[in-house]
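Reader: I'm new to reading protein structures. Could you walk me through this one, bit by bit?

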Amino acid sequence: MSYIEEIKKGVVKSDAVIMGIETSCDETAVAIIKNGREILGDEIISSAIEHSKFGGVVPEIASRGHTAAILTATENALKSAGLTLNDIDAFAVTEGAGLLGALLVGVSFAKSLAYATGKPLVPVSHIKGHISASYLADKSLEPPFITILASGGHTAIIKVKSYYEIEVLGSTLDDAVGEAFDKVARVLGLKYPGGPNIEKLAKEGKNIIPLPKMLKNYEGSKYDFSYSGLKTAVINYVHQKEQKGEEINKADIACSFQCAAIDVLVEKALLAVKESGYKTVAVSGGVGANGYLREKLTLECKKKKIKLILPEKRYCTDNGAMIGAEGYLQYLKGNFADLSLNAKAVLPLK
Ligand SMILES: Nc1ncnc2c1ncn2[C@@H]1O[C@H](COP(=O)(O)OP(=O)(O)OP(=O)(O)O)[C@@H](O)[C@H]1O
Ligand SMILES: [Mg+2]
């Protein structure tokens with residue numbers, strides 16, 4: 001009998017402490033989560049500064065960053081929880097999607113911990129992890145709810161029907177919203193990661209520049225998005241002004257882009273709430289840290305008496321806590337992997 005079968009036989013318990021390990025991009029993140037809801041310890045070590053020199057994430061630098069940081073991140077998370085490895089009931093790790101070399105560091109590390117302690121190894125989808133960050137934000141949150149998934153690689157409106165069943169109502173046909181933030185930031189001469197820098201600059205914007213309406217005359221799902229046209233319109237605007245030798249007001253551009261990119265997310269999420277009859281909307285993914293999005297949703301949800309779940313900004317961008325929260329759900333299901341687990345650059349959202 002393999003060690004996994006032995007574990008499946010009797011070790012799964014509803015009261016469990018899970019270590020969540022996340023290394024899919026440029027954050028080396030480890031957290032200790034109790035029963036999928038309570039953060040006992042949490043550490044995030046980011047290599048973002050090293051990437052900012054290059055205007056985006058350099059996969060090789062990200063992998064090296066994880067290798068250098070993973071032990072410290074784990075020790076710090078355990079220390080802040082006041083626990084040792086013996087107290088951990090299972091090791092949850094992001095298996096995908098993400099940068100292959102970066103994922104491999106976390107997967108290999110989690111495997112070694114599971115092997116050494118004889119505890120289960122739980123593979124977790126990075127995106128399901130983002131969604132499950134909401135269970136940490138509100139301990140009483142139960143599905144069903146609508147979530148806006150807005151991150152560096154994804155943009156979607158999702159029905160969370162149960163803890164284990166989601167339905168993607170619509171998603172982006174091209175660029176993700178976070179990717180558009182990063183690309184527009186680059187053209188404005190702002191550093192990576194672009195989102196927070198655009199948000200900061202947008203606060204000084206006064207005049208709205210007209211930008212094209214997304215998916216005009218489009219016949220697909222009304223919940224779909226397209227950020228490529230918006231991004232190109234901003235880039236063309238900047239280039240044309242530069243060619244004519246005219247001055248550009250970067251704050252106005254940042255503000256106009258931010259409104260155009262975010263308003264449509266809010267609009268479609270509220271429509272999904274209305275059409276589904278659900279009473280709750282949540283935010284997931286790095287763009288969920290955007291202050292304008294958070295303020296606008298807060299206002300609209302108050303008006304419409306919709307319950308709003310806004311994870312702390314730290315738990316919108318990549319973190320280990322969300323992997324621990326989703327890992328707990330997978331643990332309860334007995335979704336364990338053996339030591340042949342491999343990292344997956346692409347992992348379909350189902
Ligand atoms: N305050 C903010 N405003 C707008 N965008 C933001 C803000 N903070 C972070 N972002 C954006 O969020 C993205 C990072 O989010 P996240 O870490 O969830 O993405 P990812 O892990 O790279 O992609 P995915 O989760 O889809 O695999 C970046 O594109 C970043 O610019
Ligand atoms: Mg992410």
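Reader: Let's start with one residue: where does Tyr 278 sit, between which two elements?
Author: Sure, and keep in mind that this is a predicted model. Tyr 278 isn't part of a helix or strand here; look for it in a loop. That loop runs between helix H9 and strand S9 (280–284).

Reader: Is Tyr 278 buried, exposed or partly exposed?
Author: Let's count neighbours: a residue is buried with 20 or more other C-beta atoms within 10 Å, and exposed with 12 or fewer. Tyr 278 has 18 C-beta neighbours inside 10 Å, so it counts as partly exposed.

Reader: Which residues is Tyr 278 in contact with, leaving aside neighbours within four places in sequence?
Author: One partner is Pro 144, which lies in the loop between H5 and S6. With the close sequence neighbours left out, the full set for Tyr 278 is Pro 144, Phe 145, Ile 146 and Val 273.

Reader: How far apart in space are Tyr 278 and Ile 306?
Author: In sequence, 28 residues separate Tyr 278 from Ile 306. Going C-alpha to C-alpha in space, the distance is 8.7 Å.

Reader: Zooming out, how does the chain's radius of gyration compare with the globule rule?
Author: The chain has 11 helices and 10 strands. For 350 residues the globule rule gives 20 Å, and the chain comes close to that, so it is as compact as a globular protein of that length. Its C-alpha trace spans about 70 × 45 × 35 Å along the principal axes. The radius of gyration itself is 21 Å.

Reader: In what order do the 5 strands of the open sheet line up?
Author: Start from the edges: strand S3 (38–46) and strand S5 (121–125) each pair on one side only. The pairing in this sheet is mixed, and neighbouring strands are turned by 20° against each other on average, direction ignored. Reading across, the order is S3-S2-S1-S4-S5.

Reader: Do S1 and S4 run parallel or antiparallel?
Author: In general, strands of a sheet pair through backbone hydrogen bonds, and both directions are possible. Here 4 bridges join S1 (residues 17–22) to S4 (residues 90–96). One of the bridge pairs is Gly 20 with Ala 92 in S4. The two strands run parallel.

Reader: And what about S2 and S3, are they parallel or antiparallel?
Author: S2 (residues 27–34) and S3 are joined over 8 bridges. If you want a pair to look for, Ala 29 stands opposite Ile 44 in S3. Their pairing is antiparallel.

Reader: Which residue in the hairpin of S2 and S3 takes a positive phi?
Author: Most residues other than glycine have a negative phi, so a positive one is worth a look. The hairpin has 3 residues between its strands, and the residue you want has a phi near 50°. With 15 C-beta neighbours inside 10 Å, it counts as partly exposed. It's Asn 35.

Reader: Which helix lies across S1, S4 and S5?
Author: Look for a helix spanning residues 100–117. Against S4, this helix runs at about 160°. That's H4.

Reader: Where is the cis peptide bond that leads into the loop between S4 and H4?
Author: Most peptide bonds are trans, so a cis one is easy to pick out. Ala 97 lies in the loop between S4 and H4. With omega near -5°, the cis bond goes from Gly 96 to Ala 97.

Reader: How many residues of H6 are buried?
Author: H6 (residues 177–187) is mostly covered. Its buried residues include Val 177, Phe 181 and Val 184, and the buried set packs against S6, S7, H7, H8 and H9. Of the 11 residues in H6, the buried ones number 9.

Reader: Which elements give two or more residues to the shell around ligand 1?
Author: The shell holds 24 residues, and the closest are Gly 152, Gly 153, Gly 178, Gly 195 and Gly 286. By type, the shell divides into 6 nonpolar, 14 polar and 4 charged. The elements that give two or more are helix H5 (126–137), H6 and H7.

Note on methods. Residues are numbered from 1 along each chain as its sequence is written. Chains are lettered from A and ligands numbered from 1 in the order in which they are written. This is a predicted model: local features need pLDDT of at least 70, side-chain atom pairs count only at pLDDT 80 or more; totals for chains, interfaces and linings use all residues. Two strands pair if DSSP finds at least two bridges between them. Axes are lines fitted to C-alpha atoms, for helices over the stretch in contact, and angles run from 0 to 180 degrees between N-to-C directions. Two residues are in contact if their C-beta atoms, placed from the backbone, lie within 7 Å. The radius of gyration is taken over C-alpha atoms; the globule rule is 2.2 Å times the number of residues to the power 0.38. A residue is near a molecule or strand if its C-beta atom, placed from the backbone, lies within 6 Å of it. Ala, Val, Leu, Ile, Met, Phe, Trp, Tyr, Cys and Pro count as nonpolar, Asp, Glu, Lys and Arg as charged, and the others, Gly among them, as polar.
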